[in-house]
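Visitor: I have a structure to look over with you. Shall we take its empty spaces and its ligand in turn?

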Amino acid sequence: MTLTLVTGGTGHLGRDIVDRLVGAGHRVRVFARSPGLRSDIEWAKGDLATGTGLREALRDVDTVINAATCSPIARRGGIRPIDFFRSPSAVDVEGTERLLSLCEDAEIRHVLHVSIVGLEEATLPYARVKLAGERLVRASALSWSIIRAMPFYYLLDRLLSGLAWLPVWPVPTTLFNPVDSSDVADYVVTCAFDGIRGERAEIGGPEDLDLTAFARAYLDARRLHRNILPIGLSEARARGMGFVVSKGVRGRLTWADWLQRNDPGLRRVA
Ligand SMILES: NC(=O)c1ccc[n+]([C@@H]2O[C@H](COP(=O)([O-])OP(=O)(O)OC[C@H]3O[C@@H](n4cnc5c(N)ncnc54)[C@H](OP(=O)(O)O)[C@@H]3O)[C@@H](O)[C@H]2O)c1
């Protein structure tokens, strides 16, 4: 049986990818700083930022799915002034470079790298870091694929919940189509094994809605009463902030259904 290594397998997308791989009967190894307790997968302890454990993790591996990232915004669920000036590159650039070089040494058959839609026009430093990581993959001599995805619902949820203390929410009036990580994971796993390589069609969610509509749906679902102050943005500004509508593949789960499935009140009752 072939062996697939998932970096970032403890993250939001990575966990969904691992579930699908295991469900489909694949042998899976997760590269993680803190190995978990799951016993139906192999754990390889290591750190992409330093390279510790990476060479050993690649032993006997056929396919690598690189879903690791260091996004301070996603991690804390909010944007701070520092995020407009810099974003750490140790995982997404130097870590990717290290991973690619060791994959070449280990003669890995396929490296699938996860990235983000619209990076060329996005201006946040995290986007510049992701673009630099992508360029390394494209320039590598390996057999590679890149999948770009729209922002995940969990991130939108975190960003909106961070506004809860404000009575009035300033929200840009701009179209975009965020997606659930479970839909992205389905697509990633399909692309990992369908034999096609290179730049794959990007994936976004099923609905192209104004960001204010996403915010209103969030307020309704969470039974919050806040006023929304629509903020007009030029198209260039919106693209710079990553608000685009993806082309290509569409996920199925809607924002309303995701909000219902992830209702913190219902989770407490359950
Ligand atoms: N979030 C979005 O909206 C979004 C949208 C489009 C594309 N993407 C892309 O999708 C991928 C996954 O994103 P996500 O939101 O699922 O990420 P996430 O939940 O923040 O998970 C990041 C993963 O990377 C691992 N990681 C971080 N630093 C590491 C290090 N030094 N060494 C090894 N592993 C490390 C984390 O491990 P720990 O458990 O040790 O922290 C975690 O497993 C990324 O490539 C991201 O750019 C994300």
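Visitor: By class, which residues make up the lining of the largest cavity?
Guide: Keep in mind that this is a predicted model. The lining of that cavity consists of P72, I73, D83, R86, S87, L124 and Y126. Tyr and Pro count as nonpolar here, and Asp and Arg as charged. Sorted that way, the lining has four nonpolar, one polar and two charged residues.

Visitor: How many cavities of 30 Å³ or more are there in the whole structure?
Guide: A cavity is a space where the probe fits but cannot get out. The largest cavity has a volume of about 30 Å³. The search of the whole structure, with its limit of 30 Å³ or more, finds one.

Visitor: Now the ligand. Which of the 25 residues around the ligand come nearest?
Guide: To be counted, a residue needs a heavy atom within 4 Å of the ligand. By class, the shell holds 15 nonpolar, six polar and four charged residues. Those that come nearest are T10, H12, D47, F152 and Y154.

Visitor: How far is an oxygen atom of the ligand from an N or O atom in the side chain of H12?
Guide: A polar contact needs N or O atoms within 3.5 Å. The side chain of T10 has such an atom 2.7 Å from a ligand oxygen. At V114 a polar backbone atom is the partner, 3.2 Å from an oxygen of the ligand. For the side chain of H12, the distance is 2.7 Å.

Visitor: How much of the ligand's accessible area does the protein cover?
Guide: On its own, the ligand has 910 Å² of accessible area. Of that, the protein covers 91%.

Visitor: Which element gives the largest share of the shell around the ligand?
Guide: The elements giving two or more residues are α1 (12-23), β5 (110-116), α5 (125-139) and α6 (153-161). The largest share is three residues, and it comes from β5.

Visitor: On to the second largest pocket. Which element gives the most to its lining?
Guide: This pocket holds about 210 Å³ of space. Among its 13 lining residues, H12, Y154, S181, W258 and N262 are closest to its centre. Two or more lining residues come from each of α1, α6, α7 (181-193) and α11 (264-269). The top contributor, with three residues, is α1.

Visitor: By class, what does the lining of the second largest pocket have?
Guide: Ser and Asn count as polar, and Trp and Tyr as nonpolar. The full lining has three nonpolar, four polar and six charged residues.

Visitor: What kind of aromatic pair do Y153 and W258 form?
Guide: The count comes to eight aromatic pairs. In the pair of Y153 and W258, the centres are 6.2 Å apart and the planes are at 55 degrees, which makes it tilted.

Visitor: How many residues apart in sequence are the parts that this pair ties together?
Guide: Y153 lies in helix α6. W258 lies in helix α10 (residues 255-261). The pair therefore ties together parts whose separation in sequence is 105 residues.

Definitions and conventions. Residues numbered from 1 in each chain as written. Predicted model: local features only at pLDDT ≥ 70, side-chain atom pairs only at ≥ 80, totals over all residues. Heavy atoms only, no water. 1 Å grid on protein atoms, 1.4 Å probe; cavity = no way out; pocket = protein on both sides within 12 Å on 5 of 7 lines; lining within 4 Å. Points joined across faces, edges and corners; volume = space filled by probe spheres on them. Polar contact = N/O pair within 3.5 Å; in protein donor to acceptor, adjacent residues only side chain to side chain. Areas by Shrake-Rupley, 256 points an atom, 1.4 Å probe, with all protein chains shown as cover. Helix = DSSP H or I, 4+ residues; strand = E, 2+ residues; numbered from the N terminus. Phe/Tyr/Trp six-rings, centres within 6.5 Å; stacked < 30°, edge-to-face > 60°.
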